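Thanks for coming. I will go through one structure today, a part at a time, and please keep the picture open while I talk.

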Amino acid sequence: MHHGGENKALFLFSQKTYEQINKQLKTTFEINGVAHFGENIILSAVTENDICIGDIYQLGEARIQITQPRQPCWKLSANTNKKEMTKFIFQSGLTGCYAKVLEEGFITVNDTLILEKRDYPNISIKKLNKLIINPLYDEKIMEEALSCKELGKPFYKSLFQRYKLKDKDDQFTFYHK
């Protein structure tokens, strides 16, 4: 499956994220072969707090690199039949993340995600999700993120726009009512 270019070849979502969504929204989404959130791969214990931009992982026979958090759109609400889902995912930061494939290979159930390299330990998916909501959250991390060459272009453009306009950019309130 391909979500939109080389930097979005895989969409990773956590079992713990599923659990958080179910708990907070009082839903019963199960990991049962249906990609409720569009995920290709479900990680058992790794969350948005544990993964950083540019991380390189071995997963089965494949090598992947983390490129950006998901930017939720209306499809989440449509796919889950929950009107509030898109806004909830955006505000909660329970987004999952995208990865590009560095080396193709087979990935099977129960393969272990092995971190091979981490160049940007300060730029977790969780922190990027906070920055996209509030560009003033942490200017040091914002500047590091904007200088990170591994950050996916779509997310970079949104983040740069948010940073440039500071708190004057109302696009997220408008699109995530």
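Leaving aside its neighbours within four places in sequence, which residues is Gln68 in contact with? There are several: Lys8, Ile53, Cys97, Tyr98, Ile125, Leu151, Gly152, Lys153, Pro154 and Phe155. Before going on, I should say that this is a predicted model. Gln68 belongs to strand E4, which covers residues 62–69. Its relative accessible area is 1%. Anything under 20% counts as buried, so Gln68 is buried.

One name on that list is Lys153, so let us move there. Lys153 is in helix H6. Is Lys153 buried or exposed? Its relative accessibility is 52%, and the cut-off for exposed is over 50%, so Lys153 counts as exposed. Setting aside sequence neighbours within four places, Lys153 is in contact with Asn7 and Gln68. For a distance along the chain, take Lys153 and Thr67: they are 86 residues apart in sequence, while their C-alpha atoms are separated by 8.8 Å.

Now the aromatic residues. A pair of aromatic rings is described by the distance of the centres and the angle of the planes. How many aromatic pairs does the count come to? It comes to seven aromatic pairs. One of them is Phe11 with Phe13, a tilted pair at 5.7 Å centre to centre, with 45° between the planes. Phe11 and Phe13 are both buried. Phe11 also pairs with Tyr98: the ring centres are 5.1 Å apart and the planes are at 40°, so this pair is tilted. Phe11 sits in strand E1, residues 10–14, and Tyr98 in strand E5, residues 97–103, so the pair ties together parts that are 87 residues apart in sequence. Tyr98 is buried, as is Phe11. If you colour the rings, look for one aromatic cluster made of Phe11, Phe13, Tyr18, Phe29, Phe37 and Tyr98.

There is also a ring with a charge over it. Lys166 lies over the face of Tyr163, and the distance from the ring centre is 3.6 Å.

Staying with Phe13 and Tyr18 for a moment, both are in contact with Ile42. The other contacts of Ile42, again without neighbours within four places in sequence, are Ser14, Gln15 and Ile31. Ile42 is in strand E2, and with a relative accessible area of 32% it is partly exposed. Between Ile42 and Tyr18 the C-alpha distance is 9.3 Å, for residues 24 apart in sequence. In the segment before E1 we have Ala9, which is buried at 11% relative accessibility. Its C-alpha atom is 9.1 Å from that of Asn40, which is 31 residues away along the chain.

Next, the helices. Which residues of helix H4, residues 125–133, are buried? They are Ile125, Leu128, Asn129, Leu131 and Ile132. These cover an arc of only 160° around the axis, which puts them on the same side of H4. As background, an α-helix has 3.6 residues a turn, so residues three or four places apart point the same way.

H4 packs against helix H6, residues 153–165, at an angle of about 45°, and the axes are 9 Å apart. The two helices are therefore oblique to each other. The residues that meet are Leu128, Leu131, Ile132 and Ile133 from H4, and Phe155, Ser158, Leu159 and Arg162 from H6. Helix H3 has buried residues too, namely Met85, Thr86, Phe88, Ile89 and Phe90.

Last, the backbone. Most residues other than glycine have a negative phi, and most peptide bonds are trans. Here, Lys26 has a phi near 55°, which is positive. Where is Lys26 placed? It is in the loop between helix H1 (15–25) and strand E2 (41–43), and it is exposed, at 73% relative accessible area. Asn81 likewise has a positive phi, near 55°. Asn81 is in the loop between helix H2 (74–80) and helix H3 (85–92). It is exposed, with a relative accessible area of 69%. Finally, Gly93, just after H3, has a positive phi of about 75°.

That is the tour; questions are welcome.

Key. Residues numbered from 1 in each chain as written. Predicted model: local features only at pLDDT ≥ 70, side-chain atom pairs only at ≥ 80, totals over all residues. Heavy atoms only, no water. Phe/Tyr/Trp six-rings, centres within 6.5 Å; stacked < 30°, edge-to-face > 60°. Buried < 20%, exposed > 50% of the residue type's maximum accessible area, 1.4 Å probe, protein only. Helix = DSSP H or I, 4+ residues; strand = E, 2+ residues; numbered from the N terminus. Lys NZ or Arg CZ within 6 Å of the ring centre and 35° of its normal. Contact = heavy atoms within 4.5 Å. Arc of directions from axis to C-beta. Axes fitted to C-alpha atoms, helices over the stretch in contact; angles between N-to-C directions. Parallel < 35°, antiparallel > 145°, perpendicular 65-115°, else oblique.
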